[in-house]
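Please work through the following exercises with the sequence and the structure open beside you, and try each task before reading its solution.

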Amino acid sequence: MAKLTKQQIKQHNQAVEYLQKDELTFDEKLFVFENWNEGANNNNAEAGAFFTPFGLARDFGIEMYRNAKTIDLCAGIGMLSFIAYHYYGCTDITCVELNANYVEVGKKLLPEANWINASIFDYKEFGHFKQAISNPPFGKIKTGLPTDLNLKYKGSEFDLMTIDIASQIADYGVFILPQASTPFLYSGQPFYQDLREKSKGYNPYYKSLPKKVEKFIKETGLIYEFNCGIDTSFYKDHWKGVSPICEIVCFDFKN
């Protein structure tokens, strides 16, 4: 478990108190999203799972389809779905989350969603959606995988597996990924770099394309699309317990 400061403990306890209510106000829900600390009772570092900061989730929403049937993979307590529902008119939302404690909290914060307490590896049971959204756990998966996944990507990076799963059940996807899982550098950089240019010999001064990204692209044929220009490094210190540099990445799975 993470060691929280006195202020974090105080705010977390206030969030827990709000969650005892039968129904929360909109402002109380926002308070819980920003202050209920996922590291208070869960080892998030081991799982590689950390909740999206509210400001980053709000910026993330810019790349969502409006009024779209949506699935949130690895939903946590539903931050991305909350933005989709309240700010972008996505009223038909399914949230998939493995941690039962998170699902319990999420149902209080976004009762309008269809919450499924399950692994995203059960994706064949979820149906089909206009869009998939996700801030998946980062890094390699440390547990055994089902043998009937039928995924094109054969690696073990959980965030990349999440994209492949989304491609099976959605027409479009938006993801928060660690910068090392993308073929470009933008956030926290002095200028945009498309690392695929170096691999094609176009710009020898750029960094090399990460091997795991090269493998993912080769095996899935999926095309990374850059976002509208969101620098996620602005929120680097807004995460709880970590300070990752990420990128927001879009995929058109129909092409």
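**Exercise 1: A helix and its surroundings**

In this predicted model, the buried residues of helix H5 are Met79, Leu80, Ser81, Phe82, Ile83, Ala84 and Tyr88.

Task: Determine which elements the buried residues of H5 pack against, and decide how far H5 is enclosed by the rest of the structure.

Solution. Begin with the extent of the helix, which covers residues 79-88, and note that seven of its 10 residues are buried, so H5 is largely enclosed by the rest of the structure. Next, look for the partners of these buried residues: they pack against the helices H2 (26-35), H4 (54-60) and H6 (100-109), and also against the strands E1, E2 (93-97) and E4. Finally, step just past the end of H5, where Gly89 takes a positive phi of about 70 degrees.

**Exercise 2: A strand with two partners**

Task: Describe how strand E4 is paired with E1 and with E5, and find one bridge partner on each side.

Solution. Take E1 (residues 70-73) to start with: four bridges join this strand to E4, and the two run parallel. Within this pairing, Asp72 has Ile133 of E4 as its bridge partner. Then turn to E5 (residues 170-178), which is joined to E4 by five bridges, again in a parallel arrangement; here Gln131 finds its bridge partner in Tyr172 of E5. As a last step, consider burial: five of the six residues of E4 (residues 129-134) are buried, so the strand is largely enclosed by the rest of the structure.

**Exercise 3: Two helices in contact**

Task: Classify the relative direction of helices H7 and H9, and list the residues that make their contact.

Solution. The axes of H7 (residues 158-169) and H9 (residues 211-220) come within 11 Å of each other and cross at roughly 20 degrees. Angles under 35 degrees count as roughly parallel, and H7 and H9 are therefore roughly parallel to each other. The crossing in which H7 passes H9 is right-handed. On the H7 side the contact is made by Leu160, Ile163 and Asp164, while H9 contributes Lys212, Phe216 and Thr220. Sorted by character, the residues of this contact comprise three nonpolar, one polar and two charged.

**Exercise 4: A histidine in its setting**

Task: Is His12 buried or exposed, and which residues does His12 touch beyond four places away in sequence?

Solution. First place His12 in helix H1, which spans residues 6-19. Its relative accessible area is 7%, and because buried means under 20%, His12 is buried. Leaving out residues up to four places away in sequence, His12 touches Asn35, Trp36, Asn37, Ala40 and Asn41.

Key. Residues are numbered from 1 along each chain as its sequence is written. This is a predicted model: local features need pLDDT of at least 70, side-chain atom pairs count only at pLDDT 80 or more; totals for chains, interfaces and linings use all residues. Side-chain values use heavy atoms; hydrogens and water are left out. Axes are lines fitted to C-alpha atoms, for helices over the stretch in contact, and angles run from 0 to 180 degrees between N-to-C directions. Angles under 35 degrees count as roughly parallel, over 145 as roughly antiparallel, 65 to 115 as roughly perpendicular and the rest as oblique. A crossing is left-handed if the near helix is turned anticlockwise from the far one by less than a right angle, and right-handed if clockwise. Contact means heavy atoms within 4.5 Å. Ala, Val, Leu, Ile, Met, Phe, Trp, Tyr, Cys and Pro count as nonpolar, Asp, Glu, Lys and Arg as charged, and the others, Gly among them, as polar. Buried means under 20% relative accessible area, exposed over 50%, partly exposed in between (1.4 Å probe, protein chains only). Two strands pair if DSSP finds at least two bridges between them.
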